[in-house]
Amino acid sequence: MILSARSLSVARGRVMAVSEVSLSVARGEALGVFGPSGAGKSTLLSALAGQVRARGEVWLDGADVSRLPTERRVQRGLGYVPQGPSVLFDLSARDNLATVLGLARLRADPRALLDEVGLSSRADVPARELSGGERRRLELARALALRPAVLLCDEPFAGLGPRDLEVARAVLAARVRDGLALLVTDHRVAEALALCDRALLMVDGRAVVERPRDDFSSAPEVCDRYLVDAARAPQDPPAARALDIGGESG
Ligand SMILES: Nc1ncnc2c1ncn2[C@@H]1O[C@H](COP(=O)(O)OP(=O)(O)OP(=O)(O)O)[C@@H](O)[C@H]1O
Ligand SMILES: [Mg+2]
């Protein structure tokens, strides 16, 4: 396993945002982490990346990196797309990529990366002027530019329309086929799950259940605590029905 966590815990004030979570991901494998808002998914990923103080162990490519800062984990092959913005807003899309490549002393063509995420025509646009979905794809390209062996991806599909989402999904799937170990969380469950080999449900900081992809959505814990069961979904409230009728007549 190229990445493993053993009994990882993170305290946030008086609550345990992450509580005794263990997981592992192999090369060429994708693990999904799903759960309601506040379950601790982002905190888990940031602890794996070394951005918050955690108890427990993180192992990366055979080495205990639990006490190493983020930069050292990155040098050892870890990539991280955090939930919040991670671009340099004053630089163009191309220069964002050129900068990370330069810092890592990697020779690669930023245009190829922009092309991969469907942003070739936006190369000269300052990152602050990109749309939310374009910025998200630039953030993905920025993480992939460093050729990580393991990628922690926190809501890569947030704000993406169906076509852009498909571009991002295909990029990640291709990298996993090439050997990337991916740990992904996203509330677009079907789309993210399609990338994954296994998936883990987190609730209240705890890993509740882990299942192979095809068994995840039907696991009782997942149905009860995260997904909406279509058969039990409430009827549309009267106000929503009235709006529908208005839409049709207008
Ligand atoms: N900087 C912080 N200070 C205090 N508490 C925090 C902080 N960041 C997160 N928390 C708390 O930690 C818990 C887990 O938050 P986290 O962001 O990891 O959830 P999440 O599963 O990623 O949710 P979402 O699906 O909404 O992104 C929540 O109770 C949250 O309020
Ligand atoms: Mg989150």
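This note goes through the ligand shell, a sheet with its helix, and one residue of a later strand in a predicted model.

1. The shell around ligand 1 consists of 13 residues, and the closest of them are Ala 17, Ser 37, Lys 41, Ser 42 and Thr 43. By character, the shell around ligand 1 divides into eight polar, three nonpolar and two charged residues.

2. As for the elements behind this shell, β2 (15–25) and α1 (41–49) each supply at least two of the residues around ligand 1, and α1 gives the most, with three residues.

3. The strand β2 also belongs to an open sheet of four strands, which has the order β2-β1-β4-β5 and antiparallel pairing. Because β2 and β5 (63–64) stand at the edges, each with a single partner strand, one side of each is left without a neighbour in the sheet.

4. The partner of β2 is β1 (residues 3–12), and the two strands pair in the antiparallel sense over seven bridges; Leu 3, for instance, has Val 25 in β2 as its bridge partner. The helix α1 lies across β1, β2 and β4 (55–60), and runs at about 115° to β1.

5. Which residues does Val 203 touch, not counting those up to four places away in sequence? Val 203, found in strand β9 (residues 198–203), touches Gly 35, Pro 36, Ala 39, Val 208 and Arg 225. With Ala 39 the separation in sequence is 164 residues, whereas the C-alpha atoms of Val 203 and Ala 39 are 4.7 Å apart in space.

6. Val 203 has 19 other C-beta atoms within 10 Å, and because a residue counts as buried at 20 or more, Val 203 is classed as partly exposed.

Note on methods: Residues are numbered from 1 along each chain as its sequence is written. Chains are lettered from A and ligands numbered from 1 in the order in which they are written. This is a predicted model: local features need pLDDT of at least 70, side-chain atom pairs count only at pLDDT 80 or more; totals for chains, interfaces and linings use all residues. A residue is near a molecule or strand if its C-beta atom, placed from the backbone, lies within 6 Å of it. Ala, Val, Leu, Ile, Met, Phe, Trp, Tyr, Cys and Pro count as nonpolar, Asp, Glu, Lys and Arg as charged, and the others, Gly among them, as polar. Two strands pair if DSSP finds at least two bridges between them. Two residues are in contact if their C-beta atoms, placed from the backbone, lie within 7 Å. Axes are lines fitted to C-alpha atoms, for helices over the stretch in contact, and angles run from 0 to 180 degrees between N-to-C directions. A residue is buried if 20 or more other C-beta atoms lie within 10 Å of its own, exposed if 12 or fewer, and partly exposed in between; C-beta atoms are placed from the backbone.
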